[in-house]
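Please read the following points with the model open beside the text. They proceed from sheets to helix pairs, and then to chain and domain contacts.

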Amino acid sequence: MTLLILCDHDRGTLAEASLEALTFGRDLAQRAGLTCEAVLIGDGAESAAGPLAAHGAVRVHLASHAQLTDYGPEAWGETLTQLARSTGATAVMACGTDRGNEVIAHVAARLDEPFVANCIEVTPGDTWTTTRVQWGGSLLEDATLDAGQRLVTVAHHAVEATPADTPADCSLVQFTPDLGEEATRTVVRDRVVLTQGITLATAPVVVGGGRGVGSEDGFAPLEDLAGALGGVVGCSRAVTNNGWRPHSDQVGQTGTRIAPEIYIAAGISGAIQHWVGAMAAKNILAVNTDAEANMVTKAGYAVIGDLHKVIPAITEEVARRKG
Amino acid sequence: MSEFPNRANVVVIGAGIVGSCLVGHLARLGWTDIILLDKGPLPNPGGSTGHASNFIFPVDHNKEMALLGEQSANQFRDMDLSVDCGGIEVARTEERMEELRRRMTSAKAWGIEAHLLSPREVRELVPFVNDDVILGGFYCPTVSVVDSLETGTTMRKEAIDTAGCQVYANTEVLDIETVEGDGGVTTVSAVVTDKGTISTDYVVVACGVWSNRIANMAGATIPLVPTVHQMADVGPIDILAETNNEIGYPIVRDMDSFCYERQSAGSMEVGSYGHRAILHHPDEIPSNEEAALSPTEMPFTPDDFDEQMEQAIELMDMLGEAEIRYAINGLLSLTPDGMPCLGETTEVRNLWSAAAVWVKEGPGMAQVVAEWMTYGYPRVIDAHGADISRFYEGERSDEHIWSRADESFIKTYGIVHPQEQWGGRRNIDVGPYFSRQQDLDAMFFQARTWERPQWFGSNADLVERYGIEERPVEWDNRWWSPITVGEHLNLRENCGLVDLSAFQVYELDGPGAVAFADQLAVNKIDVAVGRSIYTPWLTPDGGFHSDLTMMRMGEDRVRIVTGVFDGGRDEFWVRKHMPTDGSVTFHNITRQVTTLGLWGPNAPAVLGQLTDHDLSQNGSSYGSIVPIQLACGGRMVDASLFRISYVGDTGWEIYVDWDNGPALWDALMGAGADLGIRPTGGGVYGSSGRLEKGYRLMGAELESEYNPLEAGLARPKVKAADFIGREAYLAARENGDPEVLMTVLTVEDQTDSHGRRRFMQGGNEPILLPDGGRIVDSHGRASRVTSAGFGPSVGKHLLMAYLPRELAIPGTDLQVMYMNDLYPVAVASTGAVFDADDTRMKS
Amino acid sequence: MRILVCIKRVPAPGSRINVCDDGQAVDTAHLGFTTSPHEECAVEEAVQIAEEHDGEVTVLTLGPAEAEEQLRYAASVGAHKLVLIPIVDVDWDPQRTASALTTAISDLESSEGPFDLILFGNESADAGGFQVGIRVANALGRPVVNGIKGIDLADGTASARREIDGGFEVYEVPMPAVLGVKEGINLPRYPTMKGRLASKKAEVSSTTLEAPTGGQTRVRLHRPVEQVSETVILGTGPEAAPAVVDLLEELGVLS
């Protein structure tokens, strides 16, 4: 009666998210009367095993194979499938990261079992019941899981990774999957650092300026902050209309639609036309003197104040922390 | 943030263009303790202002809309938040070209520069227009684009800085509380919000598409419906981006595809009024949080837009390759009659409406409301067409509002005839003779909700009898019939029976009735029982609020008879000013009495068959009301004979109980059968008969911008009793001769530049000097046609217009513009052009 | 080059999403619909590849009859063929969806020839099951990688890039292949007015399919008790800088 928990690592470096999965999984295992066992796959996996016992894994399966040189969704999926079959696991889970969801989906396809992604609650029973995240967290779905082997991922950040009260007495078990050419055709072949310039459309950070910036020169501090964060500068339509920035910098319906990790909107009131271009940002930080400005209301985070003072202060603080 | 306030003098709900400008104007007029609320954030709270296309085409046939548009455009200019980009309305059809000529005429009337352009000239101004698909254009260089959100911010700031106005965004109104005030009048008392309750003396609803819902919280209605106007922003387009500004090319209104193309920096905004009417209940509008864009930017329904898109590409080929980057079903407000809803609500005292106002007239309308609240009446312009009290009960239901909006949406860019009638929601209010009139093939015109025969098809034989011709141009013929001339001539020769059931009839009762009536009226009401008084009601500033007949029916009873177009406004005016001590009670008896007009040389002979009463001026003198019994179908019917005439021939308004109306109709028609009686329509009563006598009509000649001296309705003496507007009226009299006078003019040659005989409609056509110059008085009031119609008995087309006194002299030669052609006119009179000494009426 | 893109019609909500009273679906009374964003990018990627390699793009969706709107939108930005699998239920579970898509794709391939590339979105905007593309690929016996933000085709191989911290992983996937793409791979073009008008005339072939339900069953949708829609004020003026940088650290953008 096993709960297998896939622990992700990148060439031996354990992903933090894996500990979230373990934290969630050991509690689930306890409630379901299962043993909590971790799975590490591929070259370098052993060096990632360290913290797993402390987080409640009573066994760590180390899967290795000559073709498992790096991450490969099909190879990992096939490996985990074989392990699930051979252990007769009651359930298999992972953290709902890109990799976790991908590998469990492969297991699900191979076992022809249902897979419930991004759960925040799982209640075992004859039929498991789950609560999972939809719409990026705006909605929750209660769903039942009726399966021979139960496959779930736990939503990233749903739990905080915490060590178990008492570390498990943990053993390492080697596992060698039987992998054909088909399973290894999608193993990572190379890693590249993107050399081309970051664009507004792809930048992880965009620092946007609006009417409140006041002038062409007023964008210099925004450039500094964007530079410090490896991002780029964008602007609202009022800015391009005033000729302070080229149209190619414009975020909005008639400019570029951006989707950065964070959009820092400085001195932008937040006209709908601008919002349409910015709303796909994962996070928005508004810097505005007016606490009731549209952008402030719609943003997840805000600093109330004059951007001419706030932005340089942020740049300074970034530099200080980077040392 | 300071603690949420619990007390205000005035709470304005809605921080769009209207509410924001309103607090600014209230501050300018000295108001303090103003609170402005909006449930959304600022500067764009999510209403219609936030997605407005923000342009102003100043030329409108309607005077209120044109002048307030111009007034608003100037306020935007004063704030430096406006660019004069110019605008061109292009025509694809000859019918539209004619409409553009009509627009040239209105431009002249309001003094707005405009030019008719050839297709090539249009292309010179807008090089990407395909001049092959158009016949011409109407170019107005002062068409402007404004920044409505920044204007709101500026006006709010002014109110905050000068009057300490407090602005609370993200504050939702949950309820509006009322109390029973003096005399049991429901009066606003507080606004309940999600942040707290504010007790207040005044509340203004400036909530755009949500206005009716908010007013309903207090038990009031603001009849409007949120309606979709589709817009798509397409681009980028190089030629537009190259102007390096918000707008560098004139806006093009492609009138025949009900579309506009307005540059918006590097892209083109294509807006449509050509799709099906898409109406929403306010409850269907999502909240700021629920909306994908803003609440009033609803999901685009592309199928509705495709036809306009094809036509847009036809006009501007470059649009075909432009990308549709942003498209919405934007919401705006439509009312049952296309005019805004301004003024105090009729249901709740001190609850005001500033709604159904678009950006283009926002600042001006806000000024109107602020002045109204301050002075008891707007000063910047006569706003009777926007007065919310104009609506009758039957016009305030969703059924009515939706039907009208459904029908009128397509008319936004349509060619609308001044007399155009509605197709739906007819026969809401009909007189007791309706079925008889239907049998007589009556053509009904609807006055607000009331059906009135305009002419009777059964009188078609009169056309031949009097040899009357059709008018040569279809537009002049539209909503007109030569029968109406036949009915006129028959009335002058024999007699006519006119249905006046749509008169709005009220009675004031009680010990204070006569004194109160005197308070309302310029002329003395405290006269002998049985006398009638034709009198203006003035505004506090001495202009016309109304013009009607009052009758001393008894010691403590006064009857008020007013026209159907003004009934709502007049009833509200009475209720608002009525003493609250119980000394006067008000009764609307419109549906209890019915009135028939019997006029013409044979009228006494006809009526004489129903009574033995002395019907001479001895027994029924002009202006008197005589109770009498009339023999109708073998029984006696109580009636009041009111000897008066609005058509210029002798006769009576005969008042009987509503239920006795049909019997009276039958009796009079029977009695008149051998005396040439004919049912006679509004074409005679309201137009040709009236015009020949030079009688003024409220809402046409009579407006709050003019006083009784100018209208020629001042009496030699002013009564001693106080009345509303007395002080201003006395001051005007002391100023000596009025600057302008109301006149009747005759068109001396009706032939247009194509050799056709034309008939002006009375739609504000400008009266011009012989050199073509406009005639404008020191108050900026332009001379324009207030009423027009053919005078069959004088054989001339007649126009009414105010003229400066030095021109208001019979024989003065002037011109009138109609459809962009000029016609010679001559001043005929400041009174009647037919039977000037009233011999026919009074002998 | 024959490319297939599988898309899903989803509502386009605001920050607050309402649920129908029965808890079975999002209340779409006020809402418009769109193509799930990853899939919108997949369509764009397919069109770009087709433009470069003289290819043909087929777009397939399983959804209500109204999903024709999203198919036509795809046509308006350059897709060539449109296929709808109409369903009447609110939402099919992932196994059932994958099964029906697999059947539909097999049918399309047997009648019109195999697809060199099949693109899915990484996950749908609404249900977010993270699995349909992988299930279909497995059923078809084709290689599949999710999370793709860059595709280059050469010599029968799709070189696909997937974003990781500080760079990209590169996969060399032999075609025919299946890829799940992520928003950011490209900037989807907007339809031109002519494109929109032309798409009205595009033919949509409809094929009714049934498939067995899977083991994941919706009980109800609901909104989280604590909505995080309120703006977090990090501070006032320059003093807020440390709190801002804490946030940047937490988001992992302070590399």
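**Notes on sheets, helices and contacts**

1. In chain B, strand 13 (residues 225-235) and strand 16 (residues 267-272) pair in the antiparallel sense over five bridges. Strands here are DSSP runs of E with at least two residues, helices are runs of H or I with at least four residues, and both are numbered from the N terminus. Two strands pair if DSSP finds at least two bridges between them. Within this pair, Met231(B) stands opposite Gly271(B) of strand 16 of chain B.

2. The model is predicted: local features need pLDDT of at least 70 and side-chain atom pairs count only at pLDDT 80 or more, while totals for chains, interfaces and linings use all residues. Residues are numbered from 1 along each chain as its sequence is written, and chains are lettered from A and ligands numbered from 1 in the order in which they are written.

3. Strands 13 and 16 of chain B belong to an open sheet of nine strands, in the order 6-7-5-14-15-16-13-18-17, with mixed pairing. Its edge strands, which each pair on one side only, are strand 6 (115-117) and strand 17 (297-298) of chain B. Helix 8 (residues 306-315) of chain B packs on this sheet and touches strand 14 (251-254), strand 15 (259-264) and strand 16 of chain B. The direction of helix 8 makes about 65° with that of strand 15 of chain B. Such angles run from 0 to 180 degrees between N-to-C directions, and axes are lines fitted to C-alpha atoms, for helices over the stretch in contact.

4. A second open sheet draws on two chains: its ten strands follow the order 12(A)-9(C)-8(C)-7(C)-10(C)-6(C)-1(C)-4(C)-5(C)-11(C), and the pairing is mixed. At the edges are strand 12 (190-192) of chain A and strand 11 (204-206) of chain C, each paired on one side only. Neighbouring strands of the sheet are turned by 30° against each other on average, direction ignored.

5. At one edge of that sheet, strand 5 (residues 81-86) and strand 11 of chain C pair in the parallel sense over three bridges. There, Leu82(C) stands opposite Val204(C). Helix 2 (residues 68-76) of chain C packs on the sheet, touching strand 1 (2-7), strand 4 (56-63), strand 5 and strand 11 of chain C. Helix 4 (residues 132-140) of chain C also packs on the sheet, where it touches strand 6 (117-121), strand 7 (144-154) and strand 10 (177-181) of chain C.

6. Which angle do helix 3 (residues 94-112) and helix 4 of chain C make? They pack at about 45°, with their axes 9 Å apart. That makes helix 3 of chain C oblique to helix 4 of chain C, since angles under 35 degrees count as roughly parallel, over 145 as roughly antiparallel, 65 to 115 as roughly perpendicular and the rest as oblique. The crossing of these two helices is right-handed; a crossing is right-handed if the near helix is turned clockwise from the far one by less than a right angle, and left-handed if anticlockwise.

7. In chain A, the axes of helix 5 (residues 220-228) and helix 9 (residues 307-322) come within 9 Å and cross at roughly 25°. That makes helix 5 of chain A roughly parallel to helix 9 of chain A. Helix 5 of chain A passes helix 9 of chain A in a left-handed crossing. By class, their contact has nine nonpolar, one polar and one charged residues. (Ala, Val, Leu, Ile, Met, Phe, Trp, Tyr, Cys and Pro count as nonpolar, Asp, Glu, Lys and Arg as charged, and the others, Gly among them, as polar.)

8. Between chains, 58 residues of chain C are in contact with 67 residues of chain A, contact being C-beta atoms, placed from the backbone, that lie within 7 Å. The largest share of this side of chain C, eight residues, comes from strand 9 of chain C. The side divides into 30 nonpolar, 20 polar and eight charged residues. Six bridges join strand 9 (residues 139-145) of chain A to strand 12 of chain C, and these strands run antiparallel.

9. Chain C also meets chain B: 19 residues of chain C are in contact with 21 residues of chain B. Helix 5 (residues 193-201) of chain C gives the most to that side of chain C, with five residues.

Terms used
Two residues are in contact if their C-beta atoms, placed from the backbone, lie within 7 Å.
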